Amino acid sequence: MSQVKRTMEQLSYGLEQPRDLLEKLKWEADKLGESPHAYDVFNFIVTAAVLAEWIQRYYSSNAIMDPFAAPSKDRCSWLIPSESVHWISDTSCLPNRYLDIRYHIENALSICSHIANASKHFHWNDRSSITRIEEEPQVSDWYQYFFTSTAPDMYVEFKGDYYGLQQIKSILLQFYSSLIKYLEDLESVQQSNFNENPRMPDQQ
């Protein structure tokens, strides 16, 4: 008989739910300035990647019509709720505002996931999606010329797009804050519906 795994709510050092980890992410984001320390970059990136895992494990996605999920063996892209196109109110963080907002959300999530995995295992396993991490982007084509920030920052080149750390930070803070509220609201509605229409036991 398989043993049920304990969760962070059952055995914890103080961070029990995704909302707790979101507050940690915000705390770490405040430390990221124009020339962030490598330790602070590591902490923010890893926390952002772990938060995606926590959200998937904490909220039940089986009954959600428009769920959030990371890429899997059967799916190469992220599942991002369609409502997320309204969650990035400050669009100044988007390298190219003409593209679907979910494109940038997925890229920011992927960047953190790839860097976190490489930080954990030492080797990169992102199939060359991330090609450069540098302070000054090496603009190589007209697209990058028009859609790459010139602000002082640490930049990551991902599939031809340059994202500054400040852009990644802003995208994910807005996205995660709205995603958690979205999932909590759905769970509240589901619980309310269950309370109003509880399943009756089968009659013998």
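These questions and answers take terms used for this predicted model and set computed values against their definitions.

Q: Why is Glu-157 called buried?
A: Its relative accessible area is 6%. Buried means under 20%, so Glu-157 falls in that class.

Q: What makes the contact between Arg-132 and Glu-157 a salt bridge?
A: The closest N and O atoms of Arg-132 and Glu-157 are 2.9 Å apart. A salt bridge requires a side-chain nitrogen of Lys or Arg within 4 Å of a carboxyl oxygen of Asp or Glu, so the pair qualifies. Arg-132 lies in strand S1 and Glu-157 in strand S2, 25 residues apart, and the pair links distant parts of the chain.

Q: Why is Arg-132 called partly exposed?
A: Arg-132 has a relative accessible area of 30%. Partly exposed covers the range between the 20% limit for buried and the 50% limit for exposed, so Arg-132 belongs there.

Q: What makes S1 and S2 paired strands?
A: Four bridges join S1 (residues 130-134) to S2. Pairing takes at least two bridges, so the condition is met. The two strands run antiparallel, and Glu-134 has Tyr-155 in S2 as its bridge partner.

Q: How do you know that S2 and S3 are paired as well?
A: Four bridges join S2 (residues 155-158) to S3, where at least two are needed. S2 and S3 run antiparallel, and Glu-157 stands opposite Tyr-162 in S3. The two strands form a hairpin with two residues between them. In the turn, Lys-159 has a positive phi of about 50°.

Q: What shows that both faces of S2 are covered?
A: Tyr-155 and Glu-157 on one side are buried, and so are Val-156 and Phe-158 on the other. In a regular strand the side chains alternate between the two faces of the sheet. S3 (residues 161-164) also has both faces covered: Asp-161 and Tyr-163 are buried on one side, Tyr-162 and Gly-164 on the other.

Q: How do you know that the span of helix H1 is close to the expected one?
A: H1 (residues 18-29) has twelve residues and reaches 16 Å from its first C-alpha to its last. The expected value, at 1.5 Å a residue, is 16 Å.

Q: Why are the buried residues of H1 placed on the same side?
A: The buried residues are Pro-18, Leu-21, Leu-22, Leu-25, Glu-28 and Ala-29. They cover an arc of only 120° around the axis, and therefore lie on the same side of H1.

Q: What makes Lys-26 and Glu-23 a salt bridge?
A: Their closest N and O atoms are 3.4 Å apart, and the limit is 4 Å. Being three residues apart in H1, Lys-26 and Glu-23 are separated by about one helical turn. Lys-26 is partly exposed at 32%, and Glu-23 is partly exposed at 41%.

Q: What makes Arg-102 and Asp-100 a salt bridge?
A: The closest N and O atoms of this pair are 2.9 Å apart, against a limit of 4 Å. Arg-102 has a relative accessible area of 30% and Asp-100 one of 37%. A search of the whole structure finds six salt bridges.

Q: Why is Tyr-145 called exposed?
A: Tyr-145 has a relative accessible area of 54%. Exposed means over 50%, so Tyr-145 is in that class. Tyr-145 is found in helix H4 (residues 142-147). With Val-139, Trp-142 and Phe-146, Tyr-145 makes a nonpolar surface patch of about 540 Å².

How values were computed: Residues are numbered from 1 along each chain as its sequence is written. This is a predicted model: local features need pLDDT of at least 70, side-chain atom pairs count only at pLDDT 80 or more; totals for chains, interfaces and linings use all residues. Side-chain values use heavy atoms; hydrogens and water are left out. Buried means under 20% relative accessible area, exposed over 50%, partly exposed in between (1.4 Å probe, protein chains only). Patches are made of residues with over 30% relative accessible area and no salt bridge: like charges are joined within 9 Å, nonpolar side chains (Val, Leu, Ile, Met, Phe, Trp, Tyr) within 5 Å. Accessible areas come from the Shrake-Rupley method with a 1.4 Å probe; for residues, only the protein chains shown count as cover. The expected span of a helix is 1.5 Å times one less than its number of residues. The arc is that of the directions from the helix axis to the C-beta atoms.
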